[in-house]
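Biologist: Please take me through this fold one step at a time. I will ask, and you reason from the coordinates.

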Amino acid sequence: MSSGVGVTEQCIQAFHEIKMNHRWLYIIYRISDDLKNIIVDEIGDRDRTYADFVDHLKDAERKKQCRYGVYDVQFLQDHVPQERLVFFLWSPECATIRQKMLYSTSKAAFRLRLKGITTEMQCNDDSDLAVSNVLERCSRKYTFSPPI
């Protein structure tokens, strides 16, 4: 990775479980305390909610830290069930400069290891985390805009 931060095998394994089997609703990742690896911070079972996912991100904010996350979004578009894996970079305004730099410089290389992500969200505050923003982003590339 360009920041020198590696990715543990557990990160990739958990991602494959959410991608292939929809085993988890979400995964939250963090950079280890020794700053050497991205590790799994929390895995959300299918009985969890988006509010649980956001609460965990907000816990990191209280510690002035950033997080990565993957969420298995399920929604209807034109009455057709859809699923998207959404990658989140949670970088709250109050996070330390070191945290923001480390997460932003590690993001691209980490994302390349997570094959199958269709949507990406960079969130800096509560409004960015709103469900309406996530759903809008998931459906955006499938919206037809007629020429003017």
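Modeller: Two strands pair if DSSP finds at least two bridges between them. This is a predicted model. With that rule, S5 and S6 pair, as 5 bridges join them, and they run parallel.

Biologist: What is the order of the strands in the open sheet?

Modeller: The sheet is open and has 6 strands, with mixed pairing. Strands S2 and S3 are antiparallel, whereas S5 and S6 are parallel. The order is S1-S3-S2-S4-S5-S6.

Biologist: Which strands stand at the edges?

Modeller: An edge strand here has a single partner strand, so one side of it is left without a neighbour in the sheet. The strands in that position are S1 (6–7) and S6 (119–123).

Biologist: Which residues of S6 form its covered face, and which its uncovered one?

Modeller: Glu120 and Gln122 make up the uncovered face of S6. In the pairing with S5, Glu120 is the bridge partner of Phe87, and Gln122 stands opposite Leu89. The covered face consists of Thr119, Met121 and Cys123.

Biologist: How many residues of S2 are buried?

Modeller: Strand S2 (24–31) pairs with S3 over 7 bridges and with S4 over 4 bridges, both in the antiparallel sense. Arg30 has Ile39 of S3 as its bridge partner, and Tyr26 has Tyr71 of S4. Buried means under 20% relative accessible area. S2 is largely enclosed by the rest of the structure, because the number of its residues that are buried is 8 of the 8.

Biologist: Which residue in the hairpin of S2 and S3 takes a positive phi?

Modeller: The hairpin has 5 residues between its strands. The residue in question is in the loop between S2 and S3 and is not a glycine. At 27% relative accessibility it counts as partly exposed. With a phi of about 65 degrees, it is Leu35.

Biologist: What phi does His22 take, just after H1?

Modeller: His22 sits in the loop between H1 and S2. Its relative accessibility of 28% makes it partly exposed. His22 is not a glycine, yet its phi is positive, at about 50 degrees.

Biologist: How far does H1 reach from its first C-alpha to its last?

Modeller: Helix H1 (9–20) has 12 residues. At 1.5 Å a residue, the expected span is 16 Å. The reach in the model is close to that expectation, at 16 Å.

Biologist: Which elements do the buried residues of H1 pack against?

Modeller: Residues three or four places apart in an α-helix point the same way, because there are 3.6 residues a turn. In H1 the buried residues are Cys11, Ile12, Ala14, Phe15, Glu17 and Ile18. They pack against S1, S2, S3, S4, S5 and H3.

Biologist: At what angle does H3 run to S4?

Modeller: Helix H3 (97–113) lies across S1, S2, S3, S4, S5 and S6. Its direction relative to S4 is given by an angle of about 55 degrees.

Biologist: Which element supplies the largest share of the largest nonpolar core?

Modeller: That core has 25 residues, of which Phe15, Tyr29, Ile38, Tyr68, Val70, Phe110 and Leu114 touch the most other members. H1, S2, S3, S4, S5 and H3 each supply at least two residues. The largest share is 5 residues, and it comes from H1.

Biologist: How many residues are in the other core that lies apart from it?

Modeller: The members of this other core include Val54, Phe75, Val86 and Leu129. Its count is 18 residues.

Biologist: Which residues does Tyr29 touch, beyond four places away in sequence?

Modeller: Tyr29 is one of the residues with the most contacts to other members of the largest core. Its contacts include Arg67, Gly69 and Asp41. Also among them are Cys11, Phe15, Ile38, Tyr68, Val70, Phe110 and Leu114. The list is completed by Ile39 and Val40.

Biologist: How many disulfides does the model have?

Modeller: A disulfide needs cysteine sulfur atoms within 2.5 Å. For Cys11, which is buried at a relative accessible area of 0%, the nearest cysteine sulfur is that of Cys66, 16 Å away. Cys94 is partly exposed at 32%, and its sulfur is 8.7 Å from that of Cys66, too far for a bond. The count of disulfides is 0.

Technical notes. Residues are numbered from 1 along each chain as its sequence is written. This is a predicted model: local features need pLDDT of at least 70, side-chain atom pairs count only at pLDDT 80 or more; totals for chains, interfaces and linings use all residues. Side-chain values use heavy atoms; hydrogens and water are left out. Buried means under 20% relative accessible area, exposed over 50%, partly exposed in between (1.4 Å probe, protein chains only). A nonpolar core is a set of buried Ala, Val, Leu, Ile, Met, Phe, Trp, Tyr and Cys residues joined through side-chain atoms within 4.5 Å. Contact means heavy atoms within 4.5 Å. Axes are lines fitted to C-alpha atoms, for helices over the stretch in contact, and angles run from 0 to 180 degrees between N-to-C directions. The expected span of a helix is 1.5 Å times one less than its number of residues.
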